[in-house]
Amino acid sequence: MSRTIIVSNRLPTKVLRTEESLTFQASEGGLATGLGSIYRQEGNVWVGWPGLFVEDANEEAYVREQLRDDSMVPVFLTEPEIRDFYEGFSNSTLWPTFHYFSQYATYEQSHWEAYVAVNEKFCQAVLALAGLEDTIWVHDYQLLLLPAMLRQARPEATIGFFLHIPFPSYELIRVLPWRKELLEGMLGADLLGFHTFGYMRHFLSAVSQLLGFSSQNGQIETGARTVLVDAFPMGIDYERYVQAAASEAAVQHEAVYREALREVRVILSIDRLDYSKGIAQRLRAFELLIQRYPEWREQVSLIMVVVPSRDQVAQYAALKEEIDELVGRINAQYRTITWTPIHYFYRSFPLEELASLYRLAEVALVTPMRDGMNLVAKEFVASKADGRGVLILSERAGAARELSDALIINPTDTGQLAEAMHDALVMPEDEQQLRMGAMQALVRQYNVFAWAKLFMARLAYSKMKQHTLATETLSPPVLEQLREQYQGAGQRLLLLDYDGTLAPFNANPQRAKPDQELLLLLRALAEMPQNRVVIISGRDRQTLEAWLGHLPIDFIAEHGVWLRPAGEEWQLFQTLNNEWMRDIRPILELYVARTAGSFIEDKEYSLVWHYRRADADLGAVRARDLLNHLTFMTSNSDLQVMEGNKVIEIKTAGINKGTAAARWLATYHPDFTLAIGDDRTDEDTFRAMPPEAYTVKVGSTPRSLARFSVASTTDVRRLLRSLL
Ligand code: GDG
């Protein structure tokens, strides 16, 4: 049975040491609830740190056993590991960098080493559990290296990865001394998930700039594998917050608070202590509100919950001081005997009390400088049963992409923030309900269960796709079988692509001339009476003629436009015209002018724009542009636009290597067929082959309609030599 293994830095249960014993406390975090339905299923497990330093082997065994009953497997970390891996690299290097606070980032080699070592520790823990068929889902920035480590040990494993924090622009990533290793670590996964399309775009760009892998529609070709990248905005357990807000306890708490506050209206802010959350800016904005609009004094209070977090990291201690100082100053300056401007709590609350605060508040102030998603915004929405209340939301929280009915603000613009608070306080009820209703529908539907389900489904899909396009490597036993059938056949057809198949690629197409070894090999093959050797290429017929014309072989040139059986004249596949070139050529020239390094290749019945010598990113952008442009231009013609390996080719539709190859099959009725090719245009040949034909794809990406694959042109020559 295949299982799912969830891996995150922390387990959804915290083990606490009390005077007498150890206690196990379930975490109420969104991730724990969202994945609860998955990891508690028969056989599934969650792997992570239980939040405790164990003292001896007995204690370790006890914790392990207790957790096992609740489908959890602990990874025990030591104090130095937590210091260097967690507080160090994770929270003092990655966290600030990924939240655009590079000025707070430290770059300690020893922290990096601990990060590698702890990722390795997690890897060993997962490998000890995981079977070949299992699905592994890794979470968050503490474990960026884990996917590749797992991949190395289990090349066939199904591995997903989700990043809960933002993925920043390439300009920030490039600052990290270990940037390549981090990206390579992530690319070990089959599917990489981010909260928003923006983060995903940044990731793809960093991968392209730092590792040189381009992508299309979120699919990265790494050479060895295809990695799928997608956006999955995480949701909350909606009903849980609806119920918590409706609970007896929440209603009672609210009544107590309301009595204490009397008529005073409430603006609410809830965060973990973190510089990314914009807490100080929010306080300044509140001060500005009561300065600009004195009428709100004694009428409105800010309830601010700050949950203690990471106080071992220096910046957090400094931030705490700044907040304490600001609250103290503002309260001292504006408070009256009967009114406190800011009610500040530096602690966490049980869920029902949190729910009562959501009920109480008319306005929620969620104004982070950067936030991967921000679940507080969604929880506030879920808690407003009567549809009243206004959410003020930072444009730099992932949630802003979805919750566009909030008042969206720029958190550094204190003036705008103060105005938004004022607008929220005077917003008519019907408008509040309209906005809140729309947000509730969305948050209800795209809840955390839908999120987890969608991710798992995409992961299964990415694996399925890899399998459909997987080819078997041409192993010695397969080769043996191939040769046996070849030797037993009376009529044999060999369809051989040229560039990238018989001869290695050359940045200058004219330099890929056949060498002596190749010429001898082709001649020897062609001179065997049972053999029909066909060069099936995209090249123009003049070049093929000049390079190989003296050999007793057949030619299919220009992707099937020109044909020449050995000893005969060149003939057109069908009558063609090339007047369309007059209109298309100037467009290609425009793209050459706009894309340094690109050039046009003229063939008799087709035009090709090459961009392999252009900057990789620019080339990809221009190619997409050109494709759109040409698709539009050619929509009413019988022209076909084809994308190849760093080329775009325009030619008459309906003719390709496949249609031409089919003519050879129909003419010669071979009882053994071998077709070898390396790029997208060769897929047409593979498609046209009967199922028993030996189809072989050349290249490091073994994804193809071909049945078999080999790594390089050297392997192709070795294969052909073995047929002599
Ligand atoms: C990371 C990303 C992303 C807060 N105070 C109390 C309390 N909370 C709960 C909230 C909410 C959670 O903590 C905070 O979640 P956020 O999403 O706001 O932020 P991070 O912890 O930084 O999480 C973030 C998230 O991962 C998920 O992908 O959204 O962007 O930074 O659920 O309700 N809960 C209780 N008492 C409190 O006092 N019980």
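**Close-up views of a predicted four-domain model**

**Figure 1. Domain layout of the predicted protein model.** The C-alpha centres of domain 1 and domain 3 lie 45 Å apart. The model shown here is predicted. The domain assignment gives domain 1 (4-74 + 115-231) and domain 2 (238-445). It also gives domain 3 (472-574 + 655-721) and domain 4 (581-652). Domains 1 and 3 are each written as two segments. Along its principal axes, the C-alpha trace spans about 105 × 65 × 45 Å. The protein has 25 helices and 30 strands. Of its 724 residues, 56% count as buried.

**Figure 2. The shell around the ligand.** In this view, 21 residues surround the ligand. The closest are His-164, Phe-349, Asp-371, Met-373 and Glu-379. By class, the shell has 11 nonpolar residues, five polar ones and five charged ones. Three elements each supply at least two shell residues: strand β12 (265-272), helix α13 (351-360) and helix α14 (375-383). Domain 1 (4-74 + 115-231) and domain 2 (238-445) both contribute to the shell, so the ligand lies between them.

**Figure 3. Polar contacts to ligand oxygen atoms.** Met-373 is among the residues closest to the ligand. A polar backbone atom of Met-373 is 2.8 Å from an oxygen atom of the ligand. Gly-372 also presents a polar backbone atom, at 3.0 Å from a ligand oxygen. Lys-277 uses its side chain instead: a polar atom there lies 3.2 Å from an oxygen atom of the ligand. On its own, the ligand has 730 Å² of accessible area, and the protein covers 83% of it.

**Figure 4. The largest nonpolar core.** This core holds 104 residues. Which of them touch the most other members? They are Val-7, Phe-167, Leu-192, Phe-194, Phe-203, Ile-267 and Ile-392. Helix α4 (residues 109-129) gives the largest share of the core, nine residues. Why does the core lie between two domains? Domain 1 (4-74 + 115-231) and domain 2 (238-445) both give residues to it, so it lies between them.

**Figure 5. Ligand and core at the two domains.** This view brings together the ligand shell and the nonpolar core. Both domain 1 and domain 2 give residues to the shell, so the ligand lies between these domains. The largest nonpolar core also draws residues from domain 1 and domain 2, so the core too lies between them. On the ligand side, the closest residues include His-164 and Glu-379. On the core side, Phe-167 and Ile-267 are among the residues that touch the most other members.

Notes
Residues are numbered from 1 along each chain as its sequence is written. This is a predicted model: local features need pLDDT of at least 70, side-chain atom pairs count only at pLDDT 80 or more; totals for chains, interfaces and linings use all residues. Side-chain values use heavy atoms; hydrogens and water are left out. A residue is near a molecule or strand if one of its heavy atoms lies within 4 Å of it. A polar contact is a pair of N or O atoms within 3.5 Å; within protein, one must be able to donate a hydrogen and the other to accept it, and residues adjacent in sequence count only if both atoms are side-chain atoms. Accessible areas come from the Shrake-Rupley method with a 1.4 Å probe; for residues, only the protein chains shown count as cover. Helices (H or I, at least four residues) and strands (E, at least two) are DSSP runs, numbered from the N terminus. Ala, Val, Leu, Ile, Met, Phe, Trp, Tyr, Cys and Pro count as nonpolar, Asp, Glu, Lys and Arg as charged, and the others, Gly among them, as polar. Domain bounds come from an automatic or database domain assignment. A nonpolar core is a set of buried Ala, Val, Leu, Ile, Met, Phe, Trp, Tyr and Cys residues joined through side-chain atoms within 4.5 Å. Buried means under 20% relative accessible area, exposed over 50%, partly exposed in between (1.4 Å probe, protein chains only).
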